[in-house]
Amino acid sequence: MNTGTAAGGRRADTAPEERAAHWSTRSATAADIETIAELRAEVMRPDLERLGRYDDHRVRQRLRDSFPTRYTSVILIGGEFAGCVTVRPAAGDRQWLEHFYLAPRHQGRGLGSAVLRAVLERADARGATVALDVLRGSAARRLYERHGFVVEAEDPVDVFMVRPPGGIGLPL
């Protein structure tokens with residue numbers, strides 16, 4: 001992906017959108033798995049506990065068992081790990097967005113929107129629908145809805161969402 005502006009550092013006196021501009025990505029490697037597994041456990045814990053589904057070992061092992069380095073980008077701010085995102089091919093003209101985690105200290109500053117916009121721009125250029133699932137009640141659902149995702153299906157734990165190419169409701 002390698003979008004965003006890596007030049008310059010993040011300054012405390014800048015607006016959230018400006019701070020989010022100072023990010024970059026690199027391809028994930030097998031050496032990233034444990035760092036990402038730990039981040040996954042940290043960011044998913046509140047929602048999984050609320051749903052009565054948190055298991056300290058399983059939350060990490062599920063990532064280890066299916067981690068697709070080929071389709072995963074590590075998100076960096078100032079060259080330091082800030083999160084990750086996976087976008088892999090799915091059936092038909094779809095791409096599957098998963099493993100989109102940001103370290104808590106980088107949440108709420110516009111970084112998630114900046115990364116998601118870059119992912120969606122690439123999908124739009126390919127004419128691909130982007131699909132994902134989010135845990136029921138997760139605050140992340142609002143981020144996806146702001147970027148044009150709509151609910152396709154739900155079950156007791158997950159909400160499955162899609163965004164067609166050029167999805168309606170994209171922020172300016």
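The points below describe a predicted model, taking the sheet, the helix across it, the largest pocket and one loop residue in turn.

1. The sheet as a whole. Seven strands make up an open sheet of mixed pairing, and their order across it is 1-2-3-4-5-7-6. Because strand 1 (23–27) and strand 6 (150–154) each have a single partner strand, they stand at the edges, and one side of each is left without a neighbour in the sheet. From one strand to the next, the twist averages 30°.

2. An antiparallel pair. Six bridges join strand 2 (residues 72–77) to strand 3 (residues 80–89), and the two strands pair in the antiparallel sense. To locate this pairing in the structure, one may start from T72, whose bridge partner in strand 3 is T86.

3. A parallel pair. Strand 4 and strand 5 run parallel and are joined by three bridges; here Q95 stands opposite V130, a residue of strand 5. Strand 5 is also largely enclosed by the rest of the structure, because six of its seven residues are buried, that is, they have under 20% relative accessible area.

4. The helix across the sheet. Helix 2 (residues 33–50) lies across four strands, namely strand 2, strand 3, strand 4 (94–102) and strand 5 (129–135), and its direction is at about 90° to that of strand 4.

5. The largest pocket. The space in the largest pocket comes to about 1,500 Å³. Its lining consists of 50 residues, of which M44, F100, Y101, A140 and Y144 are the closest to the centre. Two or more lining residues come from each of helix 1 (16–20), helix 2, helix 3 (56–66), strand 4, helix 4 (111–126), strand 5 and helix 5 (140–146). Strand 4, with seven residues, gives the most to this lining, and strand 4 is also one of the strands that helix 2 lies across.

6. The character of the lining. Which kinds of residue make up the lining of the largest pocket, and how many are there of each? The division is into 26 nonpolar residues, 15 charged residues and nine polar residues.

7. A residue in a loop. R105 is found in the loop between strand 4 and helix 4. Is R105 buried or exposed? Its relative accessible area is 52%, and since the term exposed applies over 50%, R105 counts as exposed. The C-alpha atoms of R105 and A82 are 8.4 Å apart in space, while the two residues are 23 residues apart in sequence.

Methods
Residues numbered from 1 in each chain as written. Predicted model: local features only at pLDDT ≥ 70, side-chain atom pairs only at ≥ 80, totals over all residues. Heavy atoms only, no water. Pairing = 2+ DSSP bridges. Axes fitted to C-alpha atoms, helices over the stretch in contact; angles between N-to-C directions. Contact = heavy atoms within 4.5 Å. 1 Å grid on protein atoms, 1.4 Å probe; cavity = no way out; pocket = protein on both sides within 12 Å on 5 of 7 lines; lining within 4 Å. Points joined across faces, edges and corners; volume = space filled by probe spheres on them. Nonpolar A, V, L, I, M, F, W, Y, C, P; charged D, E, K, R; others polar. Buried < 20%, exposed > 50% of the residue type's maximum accessible area, 1.4 Å probe, protein only.
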